[in-house]
Amino acid sequence: MKKFLVFLFLLVPCLAVMAQSEVTLDPAQQKALNVFFSNFSEADLRSFTPQTLSDATLLEFALAHNLINRLKSLQKSKDGYSVIITSEQVDRAAEKYFGKRLTHHRSSTYTQPLADGEAYTFSQVRSLADLGGHTYLANGVIYSGDTPNPHGTPAQWQQAGEAVAQVGSFVAKIKSVGERYVLIEYKVIAK
């Protein structure tokens, strides 16, 4: 009986993997998913599961995302060395990328210091598997470096003399919500 249970325990994950069907991405889908996942790598999002996704993680991502991608729309502080991000801007980013808002804000505004010289970090999706129920499993690579084409290949970057290095990889579960995706689970694997 024990051997049967062990066999069954090993068989179920194997069947789940076999039930996945690889999605063939056209160039537009590939680019859109690269941009989607680059939002997480550039904000240095840490690994989480649905059970461990906290307000702190949502806040950290939303602040970084607004600072990186919405800088021109943010109000500068009086001294000009930081920006003010509203709780509404935080919630919009969290809702857009995770499908949820923070359950509690510690303040109606958050101040973030302006920084420059940060390394350019981006992601590329390598595979996408359909798990059913509008849910997908994505595998990808995280790069850091200086390139005008984050959708290029390592060979293209090398040929152009661009310094781009793989700094990690990721496995993520995403859910299709209309015309967009939300991130429901994320695992970063450091190189």
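Contact here means heavy atoms within 4.5 Å. The exercises below concern a predicted model.

**Exercise 1. Across which strands does helix H3 lie, and at about what angle does it run to E4?**

Solution. Step 1: locate the helix, which spans residues 55–69. Step 2: identify the strands beneath the contact, namely E3 and E4. Step 3: read the direction; H3 runs at about 60° to E4. Step 4: turn to helix H4 (residues 87–98), which also lies across E3 and E4. The angle given for H4 refers to E3 and is about 70°.

**Exercise 2. Determine the strand order of the 3-stranded open sheet, and state which strands form its edges.**

Solution. Step 1: the order is E2-E3-E4, and the pairing is antiparallel. Step 2: strand E2 (75–76) and strand E4 (109–113) each pair on one side only, which places them at the edges. Step 3: examine the pairing of E2 with strand E3 (residues 82–86); 2 bridges join these antiparallel strands. Here glutamine 75 stands opposite isoleucine 84. Step 4: examine the pairing of E3 with E4, which is antiparallel over 5 bridges. In this pairing, isoleucine 85 has tyrosine 110 of E4 as its bridge partner. Step 5: consider the connection between E2 and E3, a hairpin with 5 residues between the strands. Glycine 80, in the turn, has a positive phi of about 80°.

**Exercise 3. Establish the order of the 5-stranded open sheet and explain what is left open at its edges.**

Solution. Step 1: the strands follow the order E1-E5-E6-E7-E8 with antiparallel pairing. Step 2: strand E1 (21–22) and strand E8 (180–190) have a single partner strand each, so one side of each has no neighbour in the sheet. Step 3: inspect an interior pair; strand E6 (residues 135–145) and strand E7 (residues 164–177) run antiparallel and are joined by 11 bridges. Within this pair, tyrosine 143 is bridged to glutamine 166 in E7. Step 4: add the helix that lies across this sheet. H2 lies across strand E5 (121–132), E6, E7 and E8, and runs at about 115° to E5.

**Exercise 4. Is asparagine 39 buried or exposed, and which residues does it touch?**

Solution. Step 1: place the residue in helix H2 (residues 27–42). Step 2: apply the cut-off, under which a residue is buried if its relative accessible area is under 20%. Asparagine 39 has 7% relative accessibility and therefore counts as buried. Step 3: list the contacts; leaving aside residues up to four places away in sequence, asparagine 39 touches Phe61, His65, Asn69 and Tyr97. Step 4: single out the polar contact, in which the side chains of asparagine 39 and tyrosine 97 are joined at 3.5 Å.

**Exercise 5. Classify the accessibility of glutamate 60, aspartate 44 and histidine 134.**

Solution. Step 1: recall that exposed means over 50% relative accessible area, with partly exposed lying between that limit and the buried one. Step 2: glutamate 60 belongs to helix H3. Its relative accessibility is 37%, so glutamate 60 is partly exposed. The C-alpha atoms of glutamate 60 and arginine 46 are separated by 9.9 Å, the two residues being 14 residues apart along the chain. Step 3: aspartate 44 is in the loop between H2 and H3. With a relative accessible area of 57%, aspartate 44 is exposed. Although not a glycine, aspartate 44 has a positive phi of about 55°. Step 4: histidine 134 occupies the loop between E5 and E6. Its relative accessibility of 54% makes histidine 134 exposed. Histidine 134 is likewise not a glycine, and its phi is positive at about 65°.

**Exercise 6. Summarise the protein as a whole and state where the pLDDT is below 50.**

Solution. Step 1: count the elements, which come to 5 helices and 8 strands. From the N terminus, they run α-β-α-α-β-β-α-β-β-β-α-β-β. Step 2: consider burial; 34% of the 191 residues are buried. Step 3: consider the surface, where the protein exposes about 11800 Å², with 57% supplied by carbon and sulfur atoms. Step 4: consider contact range. Among contacts with a separation of 6 or more, 60% join residues 24 or more positions apart. Step 5: assess confidence; the average pLDDT is 89, and 89% of the residues score at least 70. Over residues 2–18 the pLDDT is below 50, and this stretch has 0 contacts in the model beyond near neighbours in sequence.

Technical notes
Residues are numbered from 1 along each chain as its sequence is written. Side-chain values use heavy atoms; hydrogens and water are left out. Two strands pair if DSSP finds at least two bridges between them. Helices (H or I, at least four residues) and strands (E, at least two) are DSSP runs, numbered from the N terminus. Axes are lines fitted to C-alpha atoms, for helices over the stretch in contact, and angles run from 0 to 180 degrees between N-to-C directions. Buried means under 20% relative accessible area, exposed over 50%, partly exposed in between (1.4 Å probe, protein chains only). Accessible areas come from the Shrake-Rupley method with a 1.4 Å probe; for residues, only the protein chains shown count as cover. pLDDT is the predictor's confidence in each residue, from 0 to 100. A polar contact is a pair of N or O atoms within 3.5 Å; within protein, one must be able to donate a hydrogen and the other to accept it, and residues adjacent in sequence count only if both atoms are side-chain atoms.
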